[in-house]
Amino acid sequence: MSLLKKVFLVDLFQGLWVTFRNQHPKYIYTEQYPAERPKVAERYRGAPRLNINPDNGETLCIACNLCALACPETLIVVTSERNEATKRKELTTFTYDTSRCMFCGLCEDACPVDALELTQDFEMATYTREGQIWDRQTLEEGPKPTQYKC
Amino acid sequence: MSETTFLDSTELVLNMGPQHPSTHGVLRVILKLDGEKVLGTDCVIGYLHRGVEKIGENRTYAQFNPYVDRMDYVAAISNGLGYCLAVEKLLSVEVPARAQCVRVILTELNRIASHLLWLGTHALDIGAITPVFYCLREREEALKIFEKYCGARLTTHAFRIGGLQYETYDGFEQDIRDFNKWFLPKVDEYEELLTNNRIWVGRLKGVGILSGDECKEYGVTGPVLRAAGVKWDIRKALPYSGYEKYEFDIPIRENGDTYDRYIVRMQEMRQSVRIMAQAVEAIPEGPIMGKVGKVIKPAVGEAYVSIEAPKGELGYYVVSDGSTQPYRLRVRPPSFVNLQALDRMVAGGLIADVVAIIGTLDIVLGEVDR
């Protein structure tokens, strides 16, 4: 029996049958990337964003510096100044170096007011190294990847 | 040794790697050859050294957590679990039952993902091109569950010290059930492709034999040890994270050759599905975070915890001097220890066997070099 199996290459045909079965078009898995954009999960940790209050356009950030302290790579720099009229700290600049970021989400967890958030944007390529260091404006507006027509 | 070489030629020294595709990363192996026969090997490691243990000394306990994912990046969740358990032991924190259960599910899913990548690349090394596509296809489904759960696919940072950061998403249980149901026929498919395939059997049977006693001498753990007939699995021997609650077998084989290690890993994937199926039906309600303060500051002391990672025994040794940063952090990576048995396994084999043996050891160079 085993000799017959050997002569008629049963083991090889068994494997070939598996590969043949998997050729069916319903098993196609390839994503046509620029044309067909992947839908990432809701909790995806991508490009950082500094949220603004949609009603009045003011930033939600209270400049508490907790994100900068939580960051393992210390890539967040927050500066603020005291408003004498309201006696509160107000955010002046917020720098986030995405080239060193590993998207661990610790800054997002540390934020007490949900101002800093890692969003679902994942296209963050730039042509320069300086372009990877995001200032407050970029963080509020988010990345603007090129949309290709295909 | 050189006077008995083939056609009286001199011993040939050949470099394999660090850019060789079948050394699974940046491993450099210096081969001493007599024609096609390997007389000895010499491993040069350190091309991927990032000083992770030293980084640990300069980060707080919570900040170091994402770095451990980058050691064995194929099984990041297992690494995270080991580190979290070590710090929890240092803090003597009780992890809630719900968190433990979710941790077990994700770790077992990660074991499947790791074994799938191993199977695909190992088969690719041997010359079977097809399995790698199927394996990566199935791995994708596991990674999608990770992405839905914690927001990242590879370096997940899924667990936090004391429990979990994220609550399970809606439909998590159903996703795991669907995966289990869908995945088992796929394992049968791989077995159909490979187990009886004469090329596969011919290339693997009797290659790289390592007996149980030799495994113990070298400190080799994981599927390599179990394929040599030693029934040792930390999940059973020193249960952690509630593994004692689940029913599963430790697959073992006797010969300790490359083929047996393949069989053991295939069986392990089935056992992982079995554990996940039990765990997902028994996720208790309750909190997901233990009593851990905002600033993690353990008392002076030390803790060692070892877990059964997909590649073997993964140990974390943390020494605290009472500050917010570890005084010393040592990792016992399974790949690093398993790799030293390479010379013994290769001895007397052919160059092609070296490729098969590196594949069967299932090393990840991020973990070897740390």
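## Close-ups of chain B and its contact with chain A

**View 1. A helix laid over a sheet in chain B.** Helix 3 of chain B, residues 76-91, lies across strand 6, strand 7 and strand 8 of chain B. Helix 3 runs at about 150° to strand 6 of chain B. Keep in mind that this is a predicted model, here and in every view below.

**View 2. The sheet under helix 3 is a set of three strands.** In chain B these strands form an open sheet, lined up in the order 6-7-8, and the pairing is antiparallel. Which strands sit at the edges? They are strand 6 (301-309) and strand 8 (326-332) of chain B, and each of them pairs on one side only. Going from one strand to the next, the twist averages 10°.

**View 3. Strand 6 and strand 7 of chain B, side by side.** A hairpin links strand 6 of chain B to strand 7 of chain B, using two residues to get across. How many bridges join this antiparallel pair? There are nine between strand 6 and strand 7 (residues 312-320) of chain B. To find your way along the pair, pick out Tyr304(B), whose bridge partner in strand 7 of chain B is Tyr317(B). Then look for Gly301(B), which stands opposite Ser320(B) in strand 7 of chain B. As background for reading any such view, side chains in a regular strand alternate between the two faces of the sheet.

**View 4. A salt bridge from helix 1 to strand 8 in chain B.** Here Glu53(B) forms a salt bridge with Arg330(B), and their closest N and O atoms are 3.6 Å apart. Glu53(B) belongs to helix 1 (residues 52-57) of chain B and Arg330(B) to strand 8 of chain B, so the pair ties together parts that are 277 residues apart in sequence. Over all chains, a search of the whole structure turns up 36 salt bridges.

**View 5. Another open sheet in chain B, made of strands 1, 2 and 3.** These three strands of chain B are arranged in the order 1-2-3, again with antiparallel pairing. Strand 1 (12-16) and strand 3 (37-44) of chain B are the edge strands, each pairing on one side only. Neighbouring strands are turned by 25° against each other on average, direction ignored. Zoom in on strand 2 (residues 28-34) of chain B and you'll find seven bridges joining it to strand 3 of chain B. In this antiparallel pair, Arg28(B) stands opposite Val44(B) in strand 3. And what lies across the sheet? Helix 14 (residues 351-361) of chain B does, running at about 150° to strand 2 of chain B.

**View 6. Where chain B meets chain A.** Contact here involves 33 residues of chain B and 27 residues of chain A. The buried area between the two chains is about 2600 Å², and carbon and sulfur atoms give 47% of that. Across the interface there are 19 residue pairs in polar contact. Helix 2 (61-68), helix 5 (130-150) and helix 6 (172-194) of chain B each supply at least two residues of the side that touches chain A. Helix 5 of chain B gives the most, with ten residues. Sorted by type, the residues on this side of chain B are ten nonpolar, ten polar and 13 charged.

**View 7. A salt bridge between the chains.** Chain B and chain A share four salt bridges. In one of them, the side chains of Arg21(A) and Glu189(B) meet at 3.3 Å, N to O. Side chains of opposite charge can pair when their charged atoms come close.

Notes
Residues numbered from 1 in each chain as written. Chains lettered and ligands numbered in written order. Predicted model: local features only at pLDDT ≥ 70, side-chain atom pairs only at ≥ 80, totals over all residues. Heavy atoms only, no water. Pairing = 2+ DSSP bridges. Helix = DSSP H or I, 4+ residues; strand = E, 2+ residues; numbered from the N terminus. Axes fitted to C-alpha atoms, helices over the stretch in contact; angles between N-to-C directions. Contact = heavy atoms within 4.5 Å. Buried area = accessible area lost by both parts, 1.4 Å probe. Polar contact = N/O pair within 3.5 Å; in protein donor to acceptor, adjacent residues only side chain to side chain. Nonpolar A, V, L, I, M, F, W, Y, C, P; charged D, E, K, R; others polar.
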